[in-house]
Amino acid sequence: MTKRNPEYDFKWCPGCGDFGVKRAIELTIAARTTEMDIPFENNVIVAGIGCSGNLVHLTDGPQPFGFHGIHGRTLPVAFGIKSGNPDLEVMVVAGDGDFLSIGAEHIGPAAQRNLNVTCVIMDNGVYGLTKGQSSPTTQFGVVTSTTPGGKIEGEVKPFQYYLSLGASFVASAFSSKPREMAQMIREGMDYPGFSIVHVQSPCTTYNDNYDVLRGNAKKGIDPLTYDVPESHDPTDFREALRIAQDPGIPLGVLYAADNPEPLDERYASLNSRLRSRDVDQMIESFAIQ
């Protein structure tokens, strides 16, 4: 139960990685609005359905606007909000099931339009809210409530997928490192175009893979995550793709296209070149001569 929403009972399980994501988003928005001297209400968080969607109800401190939409449709909603008011800072929060399954069809168009929004994706490798069914990022062979004999599909590789669709900014974070994540989210919000910060955010109830991600020396487990080398040039697409294809999970900014033109600037440029017509002229253009 939250103080801000006493009539609702929004919950995350103890230890859920989404708490770290929540903290990183709060740190980022608070610092950015202060530094840029803009109203807190200029920020809009768009959520879909899933554990990640509760973030719009659970943020502490000054409140951004929140839009809790429908499953898999965060990007169309964000597109509408940003098109209606390009001055708003629009952030999408979604889970791997919400964003990469039913919502996957919207990623390509948003990337090709270079929609100027930031997407923070919480990947726990399952559908946590609906009791641990397999999701697009669940690994091959894993037993879940919907795959009792083991998953027979290969898992989606998020970083390769985003890069192949043309996302302008792709970063990878870990919920146990909220301050590093906050820096990546800030870079994504400052970036002029479609940015994705994909976060490893373990589900302690249905897929507790903290030890696998960060390692556990006592259990002889090497960490799956590693830092992107400081020498990496994020404007180098081929190198970003190579890192995305390598074993393990890189943490850091993989790709940031150089000098992209976001959709709102494209619209402004297009409108400046078009000749405006009044209503009578538009009606006349449909008349059969």
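Asn-259 is found in the loop that runs between strand S10 (249–256) and helix H10 (263–273), and in this predicted model the residue has a phi near 55°, a positive value in a residue other than glycine. The chain around Asn-259 holds 11 helices and 10 strands. With a radius of gyration of 20 Å, close to the 19 Å that the globule rule gives for 289 residues, the chain is as compact as a globular protein of that length. The points below begin with the whole chain and then turn to individual loop residues.

**Whole chain**

- Taken along the principal axes, the C-alpha atoms of the chain fill a box of roughly 80 × 50 × 45 Å, and 48% of the 289 residues count as buried.
- Among contacts between residues at least 6 apart in sequence, 66% join residues that are at least 24 apart.
- The exposed area of the chain is about 14700 Å², of which carbon and sulfur atoms supply 54%.
- There are 24 positive and 35 negative side chains in the chain, and the centres of these two sets lie 4 Å apart.

**Buried loop residues Pro-202 and Ser-175**

- Pro-202 lies in the loop between strand S8 (195–200) and helix H8 (210–214), where its relative accessibility is 1%, so the residue counts as buried, the cut-off being under 20%.
- Leaving out residues up to four places away in sequence, Pro-202 touches Cys-16, Gly-17, Asn-124, Phe-174, Ser-175, Asn-207, Asn-209, Tyr-210 and Leu-213.
- The C-alpha atoms of Pro-202 and Gly-125 are separated by 7.7 Å, although these two residues are 77 residues apart along the chain.
- Ser-175, one of the residues that Pro-202 touches, is placed in the loop between strand S7 (169–174) and helix H7 (178–190), and with a relative accessible area of 5% Ser-175 is buried.
- Apart from its neighbours within four places in sequence, Ser-175 is in contact with Gly-17, Gly-20, Val-21, Met-181, Val-199, Gln-200, Ser-201, Pro-202 and Tyr-210; Gly-17 and Tyr-210 thus appear among the contacts of Ser-175 and also among those of Pro-202.

**Buried loop residue His-232**

- His-232 has its place in the loop between strand S9 (225–227) and helix H9 (237–245), and its relative accessible area of 11% makes this residue buried.
- The side chain of His-232 reaches the backbone oxygen of Leu-254 at 2.7 Å, and Leu-254 is also one of the residues that His-232 touches, together with Glu-239, Ala-240, Ile-243 and Val-253, when residues up to four places away in sequence are not counted.

**Exposed residues with positive phi**

- Most residues other than glycine have a negative phi.
- Lys-131 has a positive phi of about 80° although it is not a glycine, and this residue lies in the loop between strand S5 (126–127) and strand S6 (133–134).
- Lys-131 is exposed, with a relative accessible area of 55%, while Asn-259, at 70% relative accessibility, likewise counts as exposed.

Terms used. Residues numbered from 1 in each chain as written. Heavy atoms only, no water. Helix = DSSP H or I, 4+ residues; strand = E, 2+ residues; numbered from the N terminus. Rg over C-alpha atoms; globule rule 2.2 N^0.38 Å. Buried < 20%, exposed > 50% of the residue type's maximum accessible area, 1.4 Å probe, protein only. Contact = heavy atoms within 4.5 Å. Areas by Shrake-Rupley, 256 points an atom, 1.4 Å probe, with all protein chains shown as cover. Lys, Arg positive; Asp, Glu negative; His and termini not counted. Charge placed at Lys NZ, Arg CZ, Asp CG, Glu CD. Polar contact = N/O pair within 3.5 Å; in protein donor to acceptor, adjacent residues only side chain to side chain.
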